[in-house]
Amino acid sequence: MPTQCSVMPITRTVPIDTNVIRLFIRFFDLKSDKSRPRTDKILASKIRDLYSFNFDFKTANLAVLDFAGIICTTVNPKCKECPLNIQCNYYIEESLL
Ligand code: SF4
C-alpha cells in the first residue's frame, strides 16, 4: 500500500491546503477577504511568493504540511512549544493581549 509520501507529487511550491493557509495567515499576518480563504487566489499567490528558496522541496513540503497539521492546529495551536513562535505574528499578538 503506498504511503502518503510515495503518492504526494513533488512540487516546487507549497501545496495549498487549509492547514497551510492557516499557518501562513497566522505566521505572516496575511488577510483574506473571502469567507473561505481556500478559494482566495490572491492569498494563494502571496503564500507561494513567500515560499521561495533553493533546497529540497519534497522534504520542505512534507515538513510544512506536518507542521501545519500537528503544531499550528485549528484549535489550541501549540504556540508555546512552537520553534517559530518568536517570529510569528499570531503568537506575538496573542502574547500582547
Ligand atoms: S507560534 Fe502558534 S500560530 Fe505561530 S506558527 Fe507556531 S503554532 Fe502556529
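Me: A residue is exposed if 12 or fewer other C-beta atoms lie within 10 Å of its own, buried if 20 or more do, and partly exposed in between, with C-beta atoms placed from the backbone. Why does Asn76 count as exposed?
Reply: Asn76 counts as exposed because it has 6 C-beta neighbours inside 10 Å. This model is predicted: local features need pLDDT of at least 70, side-chain atom pairs count only at pLDDT 80 or more, and totals for chains, interfaces and linings use all residues. Residues are numbered from 1 along each chain as its sequence is written.

Me: Why does Asp29 count as exposed?
Reply: Asp29 has 12 C-beta neighbours inside 10 Å, so it counts as exposed.

Me: What is the phi of Asp29, and where is this residue found?
Reply: Phi of Asp29 is positive, about 55 degrees, although the residue is not a glycine. Asp29 is in the loop between H2 and helix H3 (41–50). Asn76 is not a glycine either, and its phi is near 50 degrees, a positive value. Asn76 lies in the loop between helix H4 (57–70) and H5.

Me: How many helices and strands does the chain have?
Reply: The chain has five helices and zero strands. Helices are DSSP runs of H or I with at least four residues, strands are runs of E with at least two, and both are numbered from the N terminus. From that end, the order is α-α-α-α-α.

Me: What makes up the largest nonpolar core?
Reply: Nine residues make up this core: Val14, Val20, Ile21, Leu23, Phe24, Leu43, Ile47, Ala68 and Cys72. H2 and H3 each supply at least two of them. H2 gives the most, with four. A nonpolar core is a set of buried Ala, Val, Leu, Ile, Met, Phe, Trp, Tyr and Cys residues joined through C-beta atoms within 7 Å. In the whole chain of 97 residues, 14% count as buried.

Me: Which residues does Phe24 touch, not counting those up to four places away in sequence?
Reply: Phe24 touches Leu30, Ile47 and Leu50. Contact needs C-beta atoms, placed from the backbone, within 7 Å. Of the contacts in the chain with a separation of 6 or more, 62% join residues 24 or more positions apart.

Me: How many residues surround the ligand, and which are the closest?
Reply: The ligand is surrounded by 14 residues, and the closest are Cys72, Cys79, Cys82, Cys88 and Tyr91. Helix H2 (18–28) and helix H5 (89–96) are the elements that give two or more residues to this shell. H2 gives the most, with three residues. A residue is near the ligand if its C-beta atom, placed from the backbone, lies within 6 Å of it.

Methods
Two residues are in contact if their C-beta atoms, placed from the backbone, lie within 7 Å.
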